Structure formats: structure tokens, C-alpha cells
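Me: Please take a close look at one residue in the interior of this structure and describe its surroundings. Then work outward, through the neighbouring elements, to the ligand and the chain as a whole.

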Amino acid sequence: MKQIQMVDLRNQYLKIKDEIDGSIQEVIDSCKFINGPAVHEFSKDMERYLGVRHVIPCGNGTDALMVSMMALGLKPGDEVITASFTFIATAEVIAVLGLKPVLVDVDPNTFNLDPDAIRKAITHKTKAIVPVHLFGQCADMEAIMDIAKENDLFVIEDACQAMGADFTFSNGSSKKAGTIGHIGCTSFFPSKNLGCFGDGGAIFTNDDRYAENMRAIVNHGMKKRYHHDMIGVNSRLDTIQAAVLKVKLPHLDEYAKERNRAASYYDSALSSCEKINTPARFKASTHVFHQYTLKTYDLDRDQLQEHLRGKNIPAMIYYPVPLHLQKAYKDDRYAEGDLPVTEDLAKRVISLPMSTELDDQQLEYITGAVLEFANA
Ligand SMILES: *Cc1c(COP(=O)(O)O)cnc(C)c1O
């Protein structure tokens, strides 16, 4: 059996090695390392794939979130509502810009922002909502867009874990994750569903004005060379990374299929086990399974992780500490017990290996090891 990894990037690469190597070599031969032709080509390909007017490539997903908030003109003290159950980057950029992160609870089944919790958190200082499409499934964007409209708020989607997911509205129309809010953000970190070979990110919008400003912000606030109309940053997608992404983008839907194949295997092997809840599907969204995350009951989750590790099966806890209880973010607005769903999830969840490369032999071995522990 092939060794099991949390994410098997190597075997995914080997399947398209010649094409990737050729694309990287082209960049090296041209020596156009910054803003070379592949960056523009990839962003055009991505615009077509997503059905969005503008894709602005940038340095990473964290910058994508930060640049979005800069372009919307959010000011220190403005409140931004997001989930406490997410990766730190989401709240980090809010804090870095001097805005106030308002962390709220999530739905216990989908792990995504609870629309009622958003409503309760809105004040006269609230300016934006940042839904995170956690683990590969869209948050309830219909409810969130309605709340935003009623309260005149911006919506910035953190789609870092959900590239390729589709959200279907009650009127039957559907949109790609990251193209529903005013602005959407993604990361091309190697382990993301569409990953490059280093850091990378992108911002999506259908608004021409935001797009123009964000293109300037990622390049030192320049619209015209050496004329700085606004405060910017240096956040570009390397041409070499764009050359990798250009080759991988046409495979993204097939990657989602492979992830769903592994998820279905896990579902059918584990769903009858009473001590485990397999991931719930949200009917309005497809799932691209960035992570396959179980909820455990009446079993020691950390011991399960140890048990799996002893069998050379990596499993991860995303995320062990809710953001409102993190040392750097804890303040007198929050106490333990304030966000009961998030706090409960942090104790129950465990994510199994998930990638495009898991074969049935590996899946059988992993599920066998999980059941052995749960049924012991
Ligand atoms: C990965 C990730 C980010 C940050 O992306 P980087 O490219 O690592 O900066 C932000 N939010 C979520 C939910 C992520 O998973």
C-alpha cells in the first residue's frame, strides 16, 4: 500500500508532470518572473471558469482578504462579522487593519456561519460580513446576502477552502463559491483544492471599480507607474506559480470528483457507526471536500488521533481552539461558553486524510482503523 498522507501532492503532480515542468521551464526561459504572460493568462482562464468579471491574482489568501477590506474602504473601528470556527487568517487581517473582528457561532452540521448569529451581532458599526466556506462547502449565501442587503453591509467570501463549489439559490440560479458576495477570496497554498507550488492567492469581483482599486493596491497602490494614488502593498502571484495553476485549473473539477469519491467511501464505511457523525451536506451547495471532517461522540477524539498515528495514518484537528478563545484575540467581549456550538465542535472534530489520490486500499485501511477504535 502507498504511504498515507494527509494530502498527497506528489502523486497528483506526477500525473501531469510533463505539462507542469514544461510550463515552469517556459517561465524560466523567458525570465519574466514578475507579472509574466502566465499571470494574465491564468487570471483570464479563472474568470471564464468562475463566470466572474475580474480575477485579481495576489500573493496569498491572507493578502486577498486584506486587500479586499482595503478596497472597500473599511476604517479602523468598523466591525466585521465572521465565524469563530475557521482558520486564523480570516480574523487576522481584520485585526491587522485595525478593524474589529466580531466572532460569531456556526451551524453545528455544516460548520458554516449561522445566519441568526449574524443578525444578532449587527450593530451600527458593522460594515461587512466574511462568510467562510469551511471544508469545501458554501455557507448559506442566500440568507447572508439577504442580511447584507437589509443592513447595507459588504460581503467578502473567504472561499480559500471551496474553489469549484457551486451554490444554488432558491430561484434555481447557481454561482461559483467566491463570486456571490461583493468580493471573493481564495488561496493557492499547495494543499488547497487548487494549489500551486508555493504561496499564491486571488481576489474575485464583478464590480469594475473595486477591481481597478484592488489591482492597484496589490501593486503598491499604483495605477500609473510610480504614481501612488492609494496606500497599497506588494502582493503579486509569481509567474512560476501562475504557470503551475494554468496547467492545474482544467483539472479542478476532476479533482473535486476524486475528493468526492473518497468522501463517499468514508461515508458508506463510517455512517453506521454511532460514535461518529459523517459530514452533513448542505442542500444549496456542492461539496468539494477540502477536508473530510467527522464529529465524534462518546469517544476520546485525541486518543483516536493517536490510534491512527500509531497505524501511520495522519489525521488533523481543524480547528482545536476557536478564534474567540485564542490568546491574541481574546478580549473582554468574549468568555468561554459564549459560542457554544463552536466550542463544542472544537472538541469533537477530526479530519481524515483527503486528497485526489486516495485509493480504495488506503480508504479501506483508514476506515478499518477508525472503526477498530470506535468499536473497541
Ligand atoms: C488557507 C486559508 C486562508 C489563507 O490562505 P493563505 O494563502 O495561506 O494566506 C484563509 N482562510 C481560510 C479559510 C483558509 O483555509
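**A threonine and its surroundings**

Reply: In this predicted model, Thr-82 lies in strand E2. Its relative accessibility is 0%, and therefore Thr-82 counts as buried. The side chain of Thr-82 reaches the backbone oxygen of Val-130 at a distance of 2.7 Å. Val-130 is also one of the residues in contact with Thr-82 when neighbours within four places in sequence are left aside. The others are Thr-90, Ile-94, Val-102, Leu-103, Val-104, Leu-113 and Val-132.

Two of these contacts lead to helix H5, which runs from 89 to 96. Thr-90 and Ile-94 are among the buried residues of H5, together with Ala-89, Ala-91 and Val-93. The cover over these buried residues includes strand E2 (79–83), strand E3 (100–104), strand E4 (126–130) and strand E5 (154–158), as well as helix H4. Beyond the end of H5 comes Gly-98, whose phi is positive, near 80°.

H5 also leads to the ligand. Helix H4 (61–71) and H5 each supply at least two residues of the shell around the ligand. This shell holds 14 residues, and the closest are Gly-61, Thr-62, Asp-158, Ser-187 and Lys-192. By type, the shell divides into eight polar, four nonpolar and two charged residues. Some of the polar atoms can be followed individually. A polar backbone atom of Gly-61 is 2.8 Å from an oxygen atom of the ligand. For Thr-62, a polar side-chain atom lies 2.5 Å from a ligand oxygen. A nitrogen atom of the ligand, in turn, has a polar side-chain atom of Asp-158 at 2.7 Å. On its own the ligand has 380 Å² of accessible area, and the protein covers 92% of this area.

H4 and E5 appear once more in the account of helix H8 (residues 208–217), where both are part of the cover over its buried residues. Strand E1 (54–58), strand E8 (183–187), strand E9 (201–205) and strand E10 (222–224) are also included in that cover. The buried residues in question are Tyr-210, Ala-211, Asn-213, Met-214, Ala-216 and Ile-217. At the start of H8, a side-chain oxygen of Asp-207 comes to within 2.9 Å of the backbone nitrogen of Arg-209.

Some backbone angles in the loops deserve attention. Most residues other than glycine have a negative phi, and most peptide bonds are trans. His-220, in the loop between H8 and E10, has a positive phi of about 60° although it is not a glycine. Its relative accessibility is 34%, so His-220 counts as partly exposed. Asp-298, in the loop between strand E13 (292–296) and helix H11, also has a positive phi, near 55°. At 72% relative accessibility, Asp-298 counts as exposed. Finally, a cis peptide bond with omega of about 5° joins Tyr-318 and Tyr-319. Tyr-319 belongs to the loop between H11 (301–310) and helix H12 (340–348).

The whole chain gives the wider setting. Its secondary structure comes to 13 helices and 14 strands, and 55% of its 376 residues count as buried. Among contacts between residues at least 6 apart in sequence, 72% join residues at least 24 apart. The C-alpha trace spans about 70 × 55 × 45 Å along its principal axes. A compact globule of 376 residues would have a radius of gyration near 21 Å, and the chain, with 21 Å, agrees. Carbon and sulfur atoms account for 50% of the accessible surface of the chain, which comes to about 16,300 Å².

Key. Residues are numbered from 1 along each chain as its sequence is written. Side-chain values use heavy atoms; hydrogens and water are left out. A residue is near a molecule or strand if one of its heavy atoms lies within 4 Å of it. A polar contact is a pair of N or O atoms within 3.5 Å; within protein, one must be able to donate a hydrogen and the other to accept it, and residues adjacent in sequence count only if both atoms are side-chain atoms. Accessible areas come from the Shrake-Rupley method with a 1.4 Å probe; for residues, only the protein chains shown count as cover. Helices (H or I, at least four residues) and strands (E, at least two) are DSSP runs, numbered from the N terminus. Ala, Val, Leu, Ile, Met, Phe, Trp, Tyr, Cys and Pro count as nonpolar, Asp, Glu, Lys and Arg as charged, and the others, Gly among them, as polar. Buried means under 20% relative accessible area, exposed over 50%, partly exposed in between (1.4 Å probe, protein chains only). Contact means heavy atoms within 4.5 Å. The radius of gyration is taken over C-alpha atoms; the globule rule is 2.2 Å times the number of residues to the power 0.38.
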